[in-house]
Structures are given as structure tokens and as C-alpha cells.
Amino acid sequence: MDISSSPNRRAVLRGAAAAALATSLPTGSAVAAPGTPSGPAGSRLTLPSGLQTGDVTSSSAVLWSRASGEGRLYAVLHALDADGERLPTGGRRRARGAGADGQPISLRGPWATADTDFTARISAEGLPAGTAFETELFFEDEHGRRSEVGAGRFRTAPGKRSDGAQSFVWTADTAGQGYGINPDVGGMFGYETMRTLAPDFLLHAGDTIYADGPIAETLEEPDGAVWRNVVTEEVAKVAETLREFRGRHSYNLLDDNIRAMYAEVPVIATWDDHETTNNWWPGEVLEDDAYTIRDVNTLAARGRRAWQEYQPIADVRALSPGSGFEPERIYRLIERGPDLDVFVLDMRTHKSENTDGLEQQSTSMLGEEQLQWLLKGLRRSQATWKVILADLPLGIVVPDGEGQESIANAENGAPLGRELELARLLSGLKAQKTRNVVFLTGDVHYCAAHHYSPDRAAFTDFDPFWEFVAGPINSGSFGPNEMDGTFGPEVDFQKAGPAMGSPRDGTGQFFGRVEIAPQGESFTVELIDANGDVQYTRTLTPQR
């Protein structure tokens with residue numbers, strides 16, 4: 001399938017987006033703080049951050065929205081037929097599960113209050129597999145007055161009786177290096193490019209916000225052009241308070257492209273460093289004068305809470321009381337039918353200090369509990385393809401001053417430090433005969449395809465596998481970086497924009513698209529720029 005865009009199509013997409021944003025958002029001035037209820041007493045509630053669905057499986061989905069004030073979240077789901085029309089009420093039952101007979105599904109959720117920045121989620125269970133739903137989300141205030149109604153769509157994952165075919169996109173790095181919402185270029189138009197491909201879901205590999213990067217009214221681009229941002233009070237400085245972290249997430253949701261995509265494309269996300277601060281690890285004490293709070297654990301707990309409040313994640317423990325570092329809050333398995341399982345990693349919560357990575361003993365990236373969870377889940381998985389969504393690449397060297405932010409340590413010999421944990425994972429997969437594992441990641445602000453093989457490696461106790469890298473989607477561009485030879489990577493493809501390059505023309509912004517053929521007979525990966533131009537294609541076939 002050729003999904004590359006012609007120049008005319010790109011101009012139409014970006015021109016329409018720019019026109020819409022120009023009439024809805026001011027440039028170069030602050031908009032109202034999105035974390036505070038607004039409007040006169042008794043006014044109708046609104047949905048200032050749109051709506052989302054997330055963590056969608058064959059039988060369940062999480063529905064999310066945010067109100068402009070206190071209210072209870074409600075959702076109504078209507079099953080759709082193959083033509084996108086609502087199934088007639090009382091019609092012939094076409095599948096098992098709620099809504100399959102055309103009866104709308106009405107769900108009542110929790111109250112949205114200031115305790116969660118007026119966000120709320122509903123878990124829809126017992127849904128029929130492979131079924132498209134039209135969704136209506138709204139809030140009711142204490143007087144029973146209904147808010148505006150947000151409309152969206154999603155499709156449950158394929159069931160056991162289907163052919164299992166599906167497609168998805170992935171990316172990373174949103175609103176980094178001072179590049180926020182610029183109406184002059186159509187806002188974050190890479191999201192609209194992804195939406196037009198009609199994927200079944202989106203994987204966001206982290207850096208969903210840049211809490212450590214102030215967004216100013218204007219920014220000079222490397223070529224001297226002036227980038228103009230929509231700004232809010234909360235993005236003017238590094239985030240330290242819970243309100244400021246929340247404001248970063250609500251800022252991104254001011255973008256029309258993101259809201260349109262999230263209303264139609266379910267999200268499966270993880271976090272990385274910029275949801276808190278650059279290259280952080282637990283226990284770190286910052287030396288950056290931009291911060292009045294230097295204790296990273298304090299910042300990370302606030303950043304994690306805000307991230308969880310704004311994500312449509314399924315784990316019911318996500319907002320339970322605690323330190324913000326309890327296990328299984330972020331790493332999780334999303335089952336996507338007979339041919340795909342998605343394992344979402346958290347490579348930040350249990351991360352060791354950024355040393356030179358040359359320790360003789362193993363240092364942590366996943367932590368023992370997450371490592372064992374991953375091995376056990378992969379061993380039990382019956383899906384043809386097992387995708388691991390990782391917020392950090394495996395073999396790319398990412399320096400952090402004199403230390404290493406990455407797993408890799410820039411030494412091509414036997415595993416040391418964090419590499420020893422990765423070696424345990426890879427050798428464990430070989431020992432338990434887990435096949436068809438593909439790593440998808442972001443973080444480094446360029447796109448790449450890497451093949452790892454013991455034939456080229458210093459450490460050889462593993463089976464060959466692929467890693468694909470995508471991003472940024474609306475941030476400065478970097479790279480490409482040096483590769484570490486410990487696990488035998490070969491760069492099959494890589495492409496980067498100029499250093500600190502602007503998202504303006506879309507050529508240095510990237511996402512990936514995966515198409516899984518019926519019965520999982522192939523796994524086709526495309527790396528695509530924000531204009532829709534395909535840069536690279538690779539088709540994998542499963543080992544049976």
C-alpha cells in the first residue's frame with residue numbers, strides 16, 4: 001500500500017490545519033490557564049482537553065475526558081456496522097458482547113474534581129471483538145446539567161475467529177526544545193498525518209511532554225526563521241509544581257491535531273525522562289539553577305501523577321495512594337488479538353544512576369520485578385507477534401555528560417552495567433524459545449532500523465531480532481548517534497534532521513507504521529516523515 005503524500009496533499013492538510021488553528025488559538029500571547037474551571041456560575045461544563053480512548057483490547061477499552069469543572073463522567077457507546085452506521089436496535093445479533101445487538105451501552109464513571117485536575121476515566125468491559133464503536137462522552141454537574149458532548153470512535157482488537165489483521169503507528173517526543181503549538185504551520189500536523197492513515201491504535205514511546213523545556217512566545221530556528229508558539233502560564237518555566245506538570249499535558253491537548261487523533265485512535269503510552277526532567281534517575285539531586293526543587297524524586301512523583309491523570313490507561317492502581325513509584329503502574333500488557341501482544345515497558349522508574357556504565361555487576365534499567373514480569377509474559381504469550389514498546393533504544397549510545405543515559409556504554413566488548421540486565425533478557429528469550437519479538441522505541445529524535453545478531457556481537461547468547469526507532473513528532477531533531485557493538489547491531493537504515501532542526505517542514509519529524517497481515521503472516525514496518533512520505537520499508541515474516 002502506497003501511503004506517501006503528494007506535495008499538493010501535504011499543502012492541503014497543513015493549510016487546512018493552519019487555518020483552523022489560526023481561528024481558534026491566539027499566537028504569541030497566553031491563553032487561559034487550562035487547569036482552572038472557568039465561566040460564570042451555573043454555566044455549562046465543557047471538555048477543554050477533548051476525549052481519548054486507550055489500552056483497547058478485544059473486549060475492553062478505557063474512555064477518558066476532562067471537564068472544565070466538577071462533574072460526573074458518562075459515556076454512551078454505539079456499535080457500528082461495516083459501513084460505519086449504527087447497528088439497528090434489536091437487530092440480529094452479529095457478535096457476542098455488549099452492544100453487539102445494537103443496544104447502546106451507557107456507562108457511568110467517577111466524579112471529576114480538582115483532585116485529578118478534573119480528569120476522569122471509565123473502563124468499558126465485555127465488548128465484542130473486532131467491532132467499531134461510536135462514542136459520546138459528557139459530564140453532568142451536581143444539578144444534573146449535561147456538558148457539551150464529545151464524539152469519538154474506536155475499534156476493539158480482533159478476536160480469535162477473525163483473521164487478526166490490523167495496523168498501528170508509533171512515535172515519541174512531543175513539544176520538545178521549545179517547539180510547541182504553532183498555528184502558522186498548522187500546529188502539530190504530524191498527528192494529523194498519522195490520523196489520516198486510519199491506524200487501529202497509536203503507541204507513544206515516551207516524552208509525551210517536555211516538562212523541563214519552557215515554551216516561549218517565539219523561538220529562533222537554526223536558519224533564522226521565527227517559530228511562534230501558543231503559550232500558557234504553565235509552560236513558561238520548568239515544571240515543578242503539580243499544577244505546572246498538569247499544565248504541560250493540558251497544553252498539548254490544546255492542539256487540534258492531537259485532539260482529533262485521540263478522539264479516533266486509541267492510545268497506548270509509556271513515559272520517559274521529559275515527563276519529569278532531562279535524563280533523570282531516582283535519587284538524583286539536580287544542579288540546574290532553573291529548578292528551586294532539586295530533589296528528583298519529588299519532581300518525578302508529581303510528574304508521574306500528572307502523566308497518569310492524563311493517560312487513558314487501564315491499570316486501576318494508576319491513581320491509588322502511594323509514593324508514585326509502586327510497581328506495575330506503567331508497565332503492562334495490552335492483548336491485541338491472536339496475532340499481537342504489546343508489552344509496554346517503564347525504563348525510568350527503576351533506572352540506575354547515569355554512570356559510565358562500565359560496572360562489572362549488573363545495574364538496573366527495568367528492575368528485577370519488571371524483568372521477570374516481561375520474561376514470564378513473553379513465555380506465556382500465544383500471539384504471533386510480540387511487540388515491546390521501549391522508551392529507550394537498546395544499542396544506541398546516548399551520553400549524559402561524562403555518564404551514559406542509555407543501556408549502551410560505548411564499549412563494544414562483553415556486557416557491563418545495564419547491558420548485563422539486557423543480556424539476561426535476551427538470553428532468557430532464547431532459552432524459553434520466545435520467537436517474533438520486535439522492539440519499537442523513540443527517544444533519540446531520529447528514525448532508524450537496527451538488526452541485532454549474535455554473529456556480529458561480543459555477547460552471543462541470544463536470537464537475532466529487530467529494533468525500529470521513530471520520532472520526534474513535534475520537537476527539535478538530532479542524531480544519528482553512535483552504536484554500541486556489544487549485541488551486534490547493524491544499521492539497516494537511519495535518517496535524521498539537522499541538529500535542533502525545526503518541525504516546520506516536517507522532513508525531520510518521524511513516526512512508524514506497522515501493518516500485520518491476516519493470520520500474522522507478515523509484519524511490515526514503514527518509517528514515515530510528518531508529511532506522509534515513506535522513508536523506509538521492511539517486511540518481517542514469523543518464525544513458526
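Helices H3 and H5 cross in a right-handed sense. I should state at once that this is a predicted model. The axes of the two helices come within 9 Å, at a crossing angle of roughly 40 degrees. That angle makes H3 oblique to H5.

Which residues form this contact? On the H3 side they are Leu242, Phe245, Arg246, His249 and Ser250. On the H5 side they meet Leu299, Arg302, Gly303, Arg305, Ala306, Trp307, Glu309 and Tyr310. By character, the residues of this contact comprise six nonpolar, three polar and four charged.

Let me stay with H3 and consider its surroundings. This helix spans residues 242–252, and nine of its 11 residues are buried, so H3 is largely enclosed by the rest of the structure. The buried set consists of Glu244, Phe245, Arg246, Gly247, Arg248, His249, Ser250, Tyr251 and Asn252. Among these, Phe245, Arg246, His249 and Ser250 also take part in the contact with H5.

Against what do the buried residues of H3 pack? Their partners include two strands, E3 at 61–66 and E13 at 231–232. They also include two helices, namely H4 at 256–264 and H5 at 296–310.

I turn now to a second helix pair, H6 and H7. Helix H6 covers residues 368–380 and helix H7 covers residues 418–431. Their axes come within 10 Å and cross at roughly 20 degrees. H6 is therefore roughly parallel to H7. The crossing of H6 with H7 is right-handed, and the crossing of H3 and H5 is likewise right-handed.

From H6, the contact draws on Glu368, Leu371, Gln372, Leu374, Leu375 and Leu378. From H7, the participants are Glu421, Arg424, Leu425, Gly428 and Leu429. This contact divides into six nonpolar, two polar and three charged residues.

As a general point on such spacing, an α-helix has 3.6 residues a turn, so residues three or four places apart point the same way.

Finally, I shall place these helices in the context of the whole chain. The protein chain contains seven helices and 26 strands. Its length is 544 residues, of which 61% count as buried. Considering contacts with a separation of 6 or more, 74% of them involve residues 24 or more positions apart. The accessible surface comes to about 20,400 Å², and carbon and sulfur atoms account for 48% of that area.

Note on methods:
Residues are numbered from 1 along each chain as its sequence is written. This is a predicted model: local features need pLDDT of at least 70, side-chain atom pairs count only at pLDDT 80 or more; totals for chains, interfaces and linings use all residues. Side-chain values use heavy atoms; hydrogens and water are left out. Axes are lines fitted to C-alpha atoms, for helices over the stretch in contact, and angles run from 0 to 180 degrees between N-to-C directions. Helices (H or I, at least four residues) and strands (E, at least two) are DSSP runs, numbered from the N terminus. Angles under 35 degrees count as roughly parallel, over 145 as roughly antiparallel, 65 to 115 as roughly perpendicular and the rest as oblique. A crossing is left-handed if the near helix is turned anticlockwise from the far one by less than a right angle, and right-handed if clockwise. Contact means heavy atoms within 4.5 Å. Ala, Val, Leu, Ile, Met, Phe, Trp, Tyr, Cys and Pro count as nonpolar, Asp, Glu, Lys and Arg as charged, and the others, Gly among them, as polar. Buried means under 20% relative accessible area, exposed over 50%, partly exposed in between (1.4 Å probe, protein chains only). Accessible areas come from the Shrake-Rupley method with a 1.4 Å probe; for residues, only the protein chains shown count as cover.
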